[in-house]
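Here's a quick walk through one protein model, written for someone who would rather look than read. Have the viewer open as you go.

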Amino acid sequence: ADGASVAALVIGTGYGGSVAALRLAQAGVDVHMVEMGMAWDTPASDGKIFCSTLEPDRRSYWLRTRTKAPLNYFLGFPIDRDIPRYTGVLDAEEFGGITVYQGRGVGGGSLVNGGMAVTPKRENFAAILPTVNADEMYNLYYPRANAGLGVSTIDPAWFDSTEWYQFSRVGRKHAQRSGFPFVFVPDVYDWDYMEQEAAGTVTKSALAGEILYGNNHGKKSLQKTYLAQARATGRVAISPLHKVTSVAPASGGRYTVVMEQLDTNGAVTATKTVTADRVFFAAGSVGTSKLLVKLKATGALPNLNGEVGRGWGDNGNVMCGRANHLWDPTGSHQSTIPCSGIDNWAAGGAFAEVAPLPTGIETFASFYLSITKNPNRAQFTWNAATGAVELNWQTAWKQPSIDMAKSIFDKINSKEGTIYRTDLFGTYKIWGDHLTYHPLGGAVLGKATDNYGRLAGHPGLYVVDGALIPGNTSVNPFVTITALAERNIEKIIATDL
Ligand code: FAD
């Protein structure tokens with residue numbers, strides 16, 4: 001409520017925020033979480049909380065009047081459609097050179113993502129977080145994160161027999177015939193539930209085309225894991241449809257936090273001010289960076305250092321499809337949850353998920369999201385004239401990612417006698433190089449903050465989300481975001497409270 005006073009205020013309810021809230025509450029601290037998106041805990045008139053990917057309605061996008069599907073063409077035809085403006089679950093946030101997809105709502109990215117829960121290879125860790133003790137991460141914090149998130153791997157026998165993963169088996173065959181290591185990718189989807197979906201004994205979700213705009217069953221989003229545990233402590237309150245706009249020093253070493261209450265059209269219905277002993281920035285790489293860059297530039301947090309806004313990367317995301325021969329169908333039934341990948345990280349700087357194209361029809365396409373070692377880093381800056389934060393990423397900066405992905409797919413195409421699809425991202429366009437699902441950085445650990453996420457210049461302010469990670473995790477990022485948050489909050493609870 002307006003005028004309230006809280007011990008710990010957490011901005012955002014994604015991975016970093018949920019870890020911080022749970023561990024603070026377990027340490028006896030009262031926590032208030034502020035989330036700009038909706039609660040996503042109540043079914044709509046169709047009985048479902050989330051809409052399906054093939055039939056997007058107002059629940060799909062954050063304040064848009066037309067969908068902006070990541071894969072926006074099929075057979076050369078645009079597939080986007082008009083929708084009513086609403087505080088939907090997926091934000092396609094557009095900057096000059098890149099569209100950044102993010103989850104909006106209680107649970108953050110866990111609501112919309114594929115649930116792929118990948119721990120980076122130990123030998124790659126030093127390049128990901130150079131100032132963090134790898135022994136501690138691999139002995140303690142990665143296992144803790146994997147347990148807290150409920151990570152597991154598909155049963156290989158079921159994988160080999162189910163029609164729903166034919167697309168992955170085709171991906172495996174082509175990878176192995178070209179000499180690439182094929183790996184199973186762990187996920188937070190409940191694999192037992194998925195097998196029951198296939199058997200027809202439970203309501204389908206992953207096998208009913210649900211992904212991107214939320215899964216109604218089966219996926220262990222943060223609402224079911226960290227946030228459920230946090231709520232059970234009785235010390236965590238969550239305010240959905242509240243957007244933090246300012247954090248500034250108050251008397252007694254405390255902070256004044258200003259937030260706007262939104263209605264489902266995105267209109268501001270109230271402005272509230274609270275004071276907090278400590279504030280945890282967990283608004284995601286983009287959300288945290290935008291707040292910090294604005295607050296430094298406008299003088300609200302004048303002591304933040306010049307590293308704020310820097311070191312942002314796209315985790316090297318790039319997508320492509322291959323056109324298979326007619327004797328290599330990928331199946332009209334495809335699970336939306338990827339479970340496998342091609343690891344050419346060592347030789348070509350790419351890790352490619354074998355991704356589904358769950359259109360409900362046979363497409364003869366193999367589809368991939370590659371995570372590559374793209375070296376480019378962008379910076380967020382404040383534009384006083386427009387009152388907006390900008391990001392200077394250039395579309396051409398994806399070229400190293402394309403080259404690394406080609407280290408896999410040129411070889412497969414040549415071995416199989418196949419070609420790239422040119423109809424998925426426009427007409428005659430091979431590479432999906434216009435977006436990222438994995439924004440990382442902007443308040444990098446050891447630069448904008450100390451080695452545990454304490455922001456320089458303002459004691460009591462912390463960053464706990466993907467903004468800490470300098471642009472790349474070599475694999476899908478949320479396990480690393482979670483593990484780093486577990487590490488940092490343990491230190492902060494032990495030394496600062
Ligand atoms: P987030 O999870 O983004 O949470 C930040 C929260 O803060 C959001 O809920 C946001 O609404 C809220 N917020 C922002 N600004 C404010 C504000 N000013 N006031 C109040 N609240 C605010 N990663 C994987 O590891 N595996 C995958 O399979 C995978 N698939 C993905 C698929 C898609 C479509 C997308 C979009 C992402 C995917 N990711 C995946 C990425 C992963 O979801 C993110 O890396 C992760 O969610 C980031 O965690 P975070 O804690 O940094 O922030």
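What follows covers the ligand shell, two helices, one cysteine and two annotated spans.

Keep in mind that this is a predicted model.

**Around the ligand**

Let's start with the ligand, which has 39 residues around it. Of these, G12, G14, G108, G109 and G287 come nearest. Which elements give two or more residues to this shell? They are α1 (15-26), β6 (99-103), β9 (242-249), α8 (284-297) and α11. The top contributor is α8, with 4 residues. Sorted by class, the shell holds 16 nonpolar, 19 polar and 4 charged residues.

**Two helices**

Now look at α3, which spans residues 134-149. The helix bends by about 35 degrees at Y141, and the proline P143 follows within four residues. Its buried residues are M137, Y141, Y142, A145, G148 and L149, so Y141 is both on the buried list and at the bend. Those buried residues pack against α2 (125-128), α7 (226-232) and α11 (478-496). That makes α11 a name you have met before, as it also gives residues to the ligand shell.

Helix α6 covers residues 191-199, and its buried residues are Y193, M194, E197 and A198. Seen down the axis of α6, the buried residues fall within an arc of 145 degrees, so they line one face of the helix.

Each of these helices is followed by a glycine with positive phi: G150 after α3, near 75 degrees, and G200 after α6, near 80 degrees.

**A cysteine in a loop**

C51 sits in the loop between β2 (31-34) and β3 (73-74). Is C51 buried or exposed? It counts as buried, because C51 has 22 C-beta neighbours inside 10 Å. Leaving out residues up to four places away in sequence, C51 touches P56, D57, R59, S60 and Y213. A347, on the other hand, is 296 residues along the chain from C51, and their C-alpha atoms are separated by 40 Å.

**Annotated spans**

UniProt, in an unreviewed entry, lists a Glucose-methanol-choline oxidoreductase N-terminal domain at residues 98-293 and a C-terminal one at residues 436-485. Here is how the two spans look in the model:

| Span | Helix | Strand | Distance between end C-alpha atoms |
|---|---|---|---|
| Residues 98-293 | 33% helix | 21% strand | 19 Å |
| Residues 436-485 | 16% helix | 8% strand | 22 Å |

Note on methods:
Residues numbered from 1 in each chain as written. Predicted model: local features only at pLDDT ≥ 70, side-chain atom pairs only at ≥ 80, totals over all residues. Bend = angle between axes of the 7 residues up to and from the residue. Buried ≥ 20, exposed ≤ 12 C-beta atoms within 10 Å, placed from the backbone. Contact = placed C-beta atoms within 7 Å. UniProt positions renumbered as here; feature names shortened; annotations may be inferred. Arc of directions from axis to C-beta. Near = placed C-beta within 6 Å. Nonpolar A, V, L, I, M, F, W, Y, C, P; charged D, E, K, R; others polar.
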